[in-house]
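Trainee: Could you take me through the largest pocket here, and through whatever sits in it? I'd like one connected tour rather than a list.

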Amino acid sequence: MTTADKNISIDFNRVPKHVAIIMDGNGRWAKAKGQERTCGHEQGVTSVRNVIREANALGIKYLTLYAFSTENWNRPQHEVDVLMSLIVMAMSRELPEMLENNVTMRIIGDISRLPEDARQTLDQCVAATAHCTGLNMILALSYSSRWEITEAVKAISSKVAVGELKAEDINDDIVSQHLATAEYPDPDLLIRTGGDVRVSNYLLWQIAYSELYFTPTLWPDFDGAALRKAVAEYQQRERRYGLISEQLTEQ
Ligand code: IPE
Ligand code: IPE
Ligand code: MG
């Protein structure tokens with residue numbers, strides 16, 4: 001089925017199963033309006049809500065949102081504090097709508113670095129939505145790919161040390177199974193807003209064959225239509241996985 005909404009055509013048979021987003025540009029959005037950076041983060045919460053709604057409407061199964069990186073801990077303390085309380089507040093405020101829309105909330109990242117009360121609130125949101133079967137909204141919080149891969153290496157080497165796993169049996173799948181994303185398929189589409197063309201320590205292993213989409217739109221201006229536009233462009237791409245075009249039609 002193909003439908004047109006705001007002139008954007010989507011093929012609902014070929015919607016990406018997993019979309020990962022680097023939500024960047026909040027600070028610049030605020031600065032352009034002569035406001036504090038933190039106002040940009042507040043506005044960014046509205047974009048999160050709109051994008052979750054649209055992802056649900058499109059039938060995307062996994063949406064991984066980069067909310068706070070390991071490196072973001074090094075920002076000025078005031079900004080870190082505001083971001084943390086905003087993220088926690090936003091998640092508990094969105095809980096009723098997530099439940100209503102059958103959205104499961106998950107978290108990846110080193111949340112042991114979060115304040116105890118923040119962790120408790122997030123744990124409650126995760127537990128409250130655990131039974132939902134619709135969109136999986138995965139929040140990457142206090143997350144970085146190198147942290148995640150390092151943790152995986154530690155876990156795998158401990159298993160080798162105790163004889164639970166043989167070094168020669170380690171393969172791609174075993175590595176994937178030891179990442180924080182073990183339960184999720186790799187992203188089909190990675191979106192970065194804010195105009196920078198880099199991946200900033202995000203899902204480095206998992207995006208090996210993801211389609212990359214960079215937009216100058218700042219995160220607070222990114223809405224449901226912008227997500228549709230990214231999905232429509234994704235649908236124009238040919239994913240060859242190292243093969244040649246003719247081989248794909250033979251399969
Ligand atoms: C993204 O916006 C939000 C986080 C990184 C937490 P920024 O705060 O990085 O905004 P810019 O990139 O400085 O504009
Ligand atoms: C990436 O944005 C992290 C998040 C969106 C949470 P940054 O603003 O931290 O990335 P850099 O510093 O521009 O690479
Ligand atoms: Mg940024």
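Mentor: Here's a walk through the largest pocket, its two ligands, and then a cavity elsewhere in the model. Keep in mind that this is a predicted model.

Let's begin with the space itself. The largest pocket holds about 600 Å³. It has 31 lining residues, and M23, N26, Y66, A67 and N72 are the ones closest to its centre. If you want to place that lining on the fold, look at helix 1, helix 2, strand 4 (62–69) and helix 3, since each of these gives two or more residues to it. By class, the lining splits into 15 nonpolar, eight polar and eight charged residues.

Now for the occupants. The space taken by ligand 1 is this largest pocket, and ligand 2 sits in the largest pocket too.

Take ligand 1 to start with. There are 13 residues around it, and D24, G27, R28, R37 and R75 come nearest. Three of those five make polar contacts worth finding on your screen. The side chain of D24 puts an N or O atom 2.8 Å from an oxygen atom of ligand 1. With R37, again through the side chain, a polar atom lies 2.8 Å from a ligand 1 oxygen. R28 uses its backbone instead: a polar atom there is 2.7 Å from an oxygen atom of ligand 1. As for cover, ligand 1 taken alone exposes 370 Å², and the protein buries 87% of that.

Where does the shell around ligand 1 come from? Helix 1 (26–32), helix 2 (37–58) and helix 3 (77–100) each supply at least two of its residues. Helix 1 has the largest share, with three residues. Sorted by class, this shell has three nonpolar, five polar and five charged residues.

Over to ligand 2. Its neighbours are I22, M23, D24, Y66, A67, F68, S69, N72, R75, R192, R198 and S200. Note the overlap as you rotate the view: D24 and R75 are in that set, and both are also among the residues that come nearest to ligand 1. M23, Y66, A67 and N72 are around ligand 2 as well, and you've already met them as residues closest to the pocket centre.

The polar contacts of ligand 2 to pick out are with R192, R198 and S200. The S200 side chain has a polar atom 2.6 Å from an oxygen atom of ligand 2. For R198, an N or O atom of the side chain is 2.8 Å from a ligand 2 oxygen, while a polar side-chain atom of R192 lies 3.3 Å from one. On its own, ligand 2 has 390 Å² of accessible area, of which the protein covers 78%.

Strand 4 gives the most to the shell around ligand 2, namely four residues. That shell is made up of five nonpolar, three polar and four charged residues.

One last stop, away from the ligands: the count comes to one cavity of 30 Å³ or more. The largest cavity has about 60 Å³ of space, and its lining consists of R49, I52, R53, E94, E97, M98, N101 and V103. Helix 2 and helix 3 turn up again here, each supplying at least two lining residues. Four residues of that lining are charged, three are nonpolar and one is polar.

Methods. Residues are numbered from 1 along each chain as its sequence is written. Chains are lettered from A and ligands numbered from 1 in the order in which they are written. This is a predicted model: local features need pLDDT of at least 70, side-chain atom pairs count only at pLDDT 80 or more; totals for chains, interfaces and linings use all residues. Side-chain values use heavy atoms; hydrogens and water are left out. A residue is near a molecule or strand if one of its heavy atoms lies within 4 Å of it. A polar contact is a pair of N or O atoms within 3.5 Å; within protein, one must be able to donate a hydrogen and the other to accept it, and residues adjacent in sequence count only if both atoms are side-chain atoms. Accessible areas come from the Shrake-Rupley method with a 1.4 Å probe; for residues, only the protein chains shown count as cover. On a 1 Å grid over the protein atoms alone, a cavity is a set of points where a 1.4 Å probe fits but cannot get out, and a pocket is an open set with protein on both sides within 12 Å along at least five of seven lines; lining residues have an atom within 4 Å of a point. A molecule sits in a cavity or pocket if more than half of its atoms lie within 2 Å of its grid points. Ala, Val, Leu, Ile, Met, Phe, Trp, Tyr, Cys and Pro count as nonpolar, Asp, Glu, Lys and Arg as charged, and the others, Gly among them, as polar. Grid points are joined across faces, edges and corners, and a volume is the space filled by probe spheres set on the points.
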